[in-house]
Amino acid sequence: KHPTREKQEAVNKLVHDLLERLQPAARMVITLLDIEGKSVKEIAKITGWSVSLVKVRAFRARKEMRKILEDFNQEKYL
């Protein structure tokens, strides 16, 4: 079952809003890794960061995104 156009637009807006609230390094690593599908090694080469730093920044970025989502959810019900 395909999502409706409205649902897809809502998801796209949510992703955009989430990325806007991330720190620049977090936004970059999530964009490269999860949106563009680049590997950790490719991102290390692009950014000049070590492979372990890319992994740490991706972990922290996802954690930050979860926190932002929780805040969105709480705002919705307040």
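**Entry 1: the core**

Which residues of the largest nonpolar core touch the most other members? I started here, keeping in mind that this is a predicted model. The core has 17 residues, and L22, V29, I30, I43 and V54 are the ones that touch the most other members. I then looked up where the core residues come from: α1, α2, α3 and α4 (51-77) each supply at least two of them. Helix α4 gives the most, with 6 residues. That fits a general habit I like to keep in view: in soluble globular proteins, nonpolar side chains tend to be buried together.

**Entry 2: confidence**

Before going further I checked how far to trust the model. The average pLDDT of the protein is 91, and 95% of the residues score at least 70. Where is confidence lowest, and where is it highest? Helix α1 (residues 5-21) has the lowest mean, at 89, while helix α3 (residues 40-47) has the highest, at 97.

**Entry 3: I43 and helix α2**

I picked I43 from the core list and asked what it contacts beyond its neighbours within four places in sequence. I found V29, L32, L33, K38, G48 and V54. Next I went through helix α2 (residues 24-35) for its buried residues, and noted A26, V29, I30, L32 and L33. So that I remember the overlap: V29 and I30 are also on the list of core residues with the most contacts to other members. After α2 comes G37, and I wrote down its positive phi, near 75°.

**Entry 4: salt bridges**

How many salt bridges does the structure hold? I counted 5, and looked at three pairs. As a reminder to myself, side chains of opposite charge can pair when their charged atoms come close.

- D17 and K13 meet through their side chains at 2.7 Å, N to O. Both sit in helix α1, 4 residues apart, about one turn of the helix. In general, an α-helix has 3.6 residues a turn, so residues three or four places apart point the same way. D17 is partly exposed at 24% relative accessibility, whereas K13 counts as exposed at 52%.
- R62 and D34 form a salt bridge at 2.9 Å, N to O. R62 is in helix α4 and D34 in helix α2, so this pair ties together parts that are 28 residues apart in sequence. R62 is partly exposed at 31% relative accessibility, and D34 is partly exposed too, at 44%.
- E36 and K38 also meet in a salt bridge, at 3.9 Å, N to O. E36 counts as partly exposed at 45%, and K38 is partly exposed at 27%. I had already met K38 among the contacts of I43.

**Entry 5: the surface**

Which residues form a nonpolar patch on the surface? I found V11, V15 and I35, with about 240 Å² of accessible area together. I followed up on V11, which is found in helix α1. Is V11 buried or partly exposed? It is partly exposed, because its relative accessible area of 45% falls between the 20% and 50% cut-offs.

**Entry 6: a look at E75**

Last, I turned to E75, which lies in helix α4. E75 is partly exposed, with a relative accessible area of 47%. How far is its C-alpha atom from that of V29? The two are separated by 27 Å, with their positions 46 residues apart along the chain. V29, by contrast with partly exposed E75, is one of the buried residues of helix α2.

Definitions and conventions: Residues numbered from 1 in each chain as written. Predicted model: local features only at pLDDT ≥ 70, side-chain atom pairs only at ≥ 80, totals over all residues. Heavy atoms only, no water. pLDDT = per-residue confidence, 0-100. Helix = DSSP H or I, 4+ residues; strand = E, 2+ residues; numbered from the N terminus. Patch = residues over 30% accessible without salt bridge, like charges linked within 9 Å, V, L, I, M, F, W, Y side chains within 5 Å. Areas by Shrake-Rupley, 256 points an atom, 1.4 Å probe, with all protein chains shown as cover. Salt bridge = Lys/Arg side-chain N within 4 Å of Asp/Glu carboxyl O. Buried < 20%, exposed > 50% of the residue type's maximum accessible area, 1.4 Å probe, protein only. Core = buried A, V, L, I, M, F, W, Y, C linked by side-chain atoms within 4.5 Å. Contact = heavy atoms within 4.5 Å.
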